[in-house]
Amino acid sequence: MAISNPSREQILERIRAGLQVPALEYDDRKFEVQIFEPVENPLDRFQQECKANLMECLLAEGQSASAQTLAQVLQSLPQGEIYVQDEPGLRRIIDAAGTKRVVRWSSEGAPKESSQATVTLADALIAQTGSVFVSASCGGRGASVVAPCHIVVGQVSQLVPDLETALRNAIVEQRLENNSYACVISGSSRTADIEKILVQGAHGPIRLVVIVDTAA
Amino acid sequence: MSSAAKQFLRDAATKSADLVHREIIRKNMESYDAAHLRGRSRFKDWEAARRRCQEIKREAINHLDRYLLQFEEKVIAHGGHVFWAANGDEACAYIRDLAVSRGVRTIVKSKSMVTEEIHLGPALEEKGIKVWETDLGEFIVQLRNEPPYHIVTPAMHLNRQQIRELFRDHLGEDIPDADPQKLVALARRKLREAFFAAEMGISGANFIIADSGAVAISTNEGNGRLSTSLPRIHVAITGIEKVIPRLVDLATLWPTLATSGTGQPITTYSTLVSGPRKPGEADGPEEFHVVLLDNGRSGLLGNAEEREVLHCIRCGACLNICPVYRNIGGHTYNTTYQGPIGSVLTPHLRGSEFQHLSYASSLCGACTSVCPVNINLHHHLLHNRRDFAYAAGDSASGRTQFKLWRRAMLNPRLYALGGWMMRRGLRVLYGLGLAGTAADPLRAWSRKRTPIPLPSQSFRKMWKKGLVQKNAAKK
């Protein structure tokens, strides 16, 4: 469906006419600069930043340890169904975790509002900002924001030092061509709109838990 | 003087003397200042970050047509729609018609200053569509039926008690201890209903990315995420100046925006939306529309000096540091964009009616020193003064005043006489207790403040005396 766009040409013409006026002179010599301190030890940095972001970063060695950790986190949550990204590795981990909860898989549609937790993979973990990079392929859009607790099952091999690396990889892997959405998530949902006092769990998750498999 | 200017002076005088307001702003700004400084210290080279951001925006604005077309092509390839709106009416009409034709009854909105600029909410409500502001601060000011007080923290001017009363009156639930945690939980419950009922979500965009055909939306609360995930239609509306060339530019822009906005290393949800839900995806809107708004922006391009005003990323840092904003508050500006950037931009977007805002500055340059894209804000205020003064031509009273001033400056005796008369006159006046009344020529200062202590001698006398003493000391 093509939409009618009566002002498009007129706006472009105005822009082009304006840009006929040459820009002011600008010293655009390039200097070697380092905007951010390079990340030395990505896993240490990731853990530090997660803490600062009020996220929980749990290390587990191997898949069965990850499953155990996941089981412990799930036990700490109120009764109710969970929503899980439908992916073979996660199916194995959910099996191994042995939860008795009702599991809704992402292949069955969007998460329900009543979900107690969502469990997904991430495309990357970012050390510099303690972030998880997720896209629509990680169980969809709601999977990281609808439930009060979002659990990310990650691997240490997914850890990248900084945002720039994560974004460059996203371009190479055509992540925004293959997904309609992506998000760099750096903590649980929060607000400071009342007297600048930080409150967690504004609209999205109150808890964001990242389980990092240090063997994978 | 325009009626807007008179209103501005009245409101500024009232607000700056409102002690409750002063205390709220002081607390908020102190907390921001500390977070902002902490945030900046996380950068190895903050100045280099500002310069990089400036270069990114400079590249984008100086090739605006090219990058907008690249963005449009990509969005269409992803299955989205792009509408170009020359002004607010066109943008509102497009979104309203879209909502009506799709049978939309409820809309959830995440924060967008552009929708404030074009008054989108009222345009939709005219058609009987319920519009929910979902950013907590926006929700609060929507309930109060007032415009945002600040472009980043819309309800900064309210304390928890005021918010408690507002929620009690409008949402029917009382939180007796006004605990922010409980107030937030109440708003969360109410807005959840809206999120799951809405057929359309409207968001702004912090950046639109040419090489990826994506819009970038930064939110902490997650309301931007829910607004763009749950409803079946997503409309993103943004100014044409928000375009950036490359996805990787966000590696600098995201942290710099977050640090300048709130002091955070990065905003909690830095979201990228590149189109409607793809086959195989679990959820997401079926339709994705981007509205690109001009509304006077392209007019700034032809002015090489002012062009960089379009670099602004709306972080709010210049508002927070501005001594004028900190005293008169956001509502006094009576504009969509407040503070120094609003004072620079509004006369261009809304005409000479808002020219007085060019003078709402001490030209101290604090705004320029914090701007994350290095906009020379206080110089632009000066440029605006100059341009409007030329355009207005000189008035008879102005000419007379300058003639008198010139006479006095060329004649030291006359100047001294003026000073003497002023000192004497004011002493008599203040002695009669007339300070701050209509008879007081320094009324603008003294009606709300202790009068300035009057010197017993002229400056010239003091100066001469100082020289004599200095010479005596030398001997």
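This is a short tour of a predicted model, going from the contact between the chains to the shared sheet and then to one helix.

Start by colouring chains A and B separately. In this model, 64 residues of chain A are in contact with 76 residues of chain B. On chain A, select helix 1 (8-19), helix 5, strand 9 and strand 10 (190-191), the elements that each give two or more residues to the side touching chain B. Helix 1 of chain A provides the largest share, 10 residues. By residue type, that side of chain A divides into 32 nonpolar, 20 polar and 12 charged.

Next, select strand 9 of chain A and strand 9 (residues 269-273) of chain B, which pair in the antiparallel sense over 5 bridges. Here A:Tyr181 stands opposite B:Val273.

Now show the whole sheet. It is open, has 8 strands with mixed pairing, and runs in the order 8(A)-5(A)-6(A)-9(A)-9(B)-6(B)-5(B)-8(B). At its edges are strand 8 (159-160) of chain A and strand 8 (243-244) of chain B, each pairing on one side only. Helix 5 (residues 163-172) of chain A packs on the sheet, touching strands 5 (124-126), 6 (131-135), 8 and 9 (181-185) of chain A. The direction of this helix makes about 160 degrees with that of strand 5 of chain A.

In chain B, go to strand 5 (residues 207-209), which pairs with strand 8 of chain B in the parallel sense over 2 bridges. B:Ile209 stands opposite B:Ile244.

Finish at helix 4 (residues 64-77) of chain B, which has 14 residues and reaches 20 Å from its first C-alpha to its last. Its buried residues include B:Leu64, B:Tyr67, B:Leu68 and B:Phe71. The buried residues of helix 4 of chain B cover an arc of only 165 degrees around the axis, so they lie on the same side of the helix. Just after helix 4 of chain B, B:Gly79 takes a positive phi of about 95 degrees.

Note on methods. Residues are numbered from 1 along each chain as its sequence is written. Chains are lettered from A and ligands numbered from 1 in the order in which they are written. This is a predicted model: local features need pLDDT of at least 70, side-chain atom pairs count only at pLDDT 80 or more; totals for chains, interfaces and linings use all residues. Two strands pair if DSSP finds at least two bridges between them. Helices (H or I, at least four residues) and strands (E, at least two) are DSSP runs, numbered from the N terminus. Two residues are in contact if their C-beta atoms, placed from the backbone, lie within 7 Å. Axes are lines fitted to C-alpha atoms, for helices over the stretch in contact, and angles run from 0 to 180 degrees between N-to-C directions. The expected span of a helix is 1.5 Å times one less than its number of residues. A residue is buried if 20 or more other C-beta atoms lie within 10 Å of its own, exposed if 12 or fewer, and partly exposed in between; C-beta atoms are placed from the backbone. The arc is that of the directions from the helix axis to the C-beta atoms. Ala, Val, Leu, Ile, Met, Phe, Trp, Tyr, Cys and Pro count as nonpolar, Asp, Glu, Lys and Arg as charged, and the others, Gly among them, as polar.
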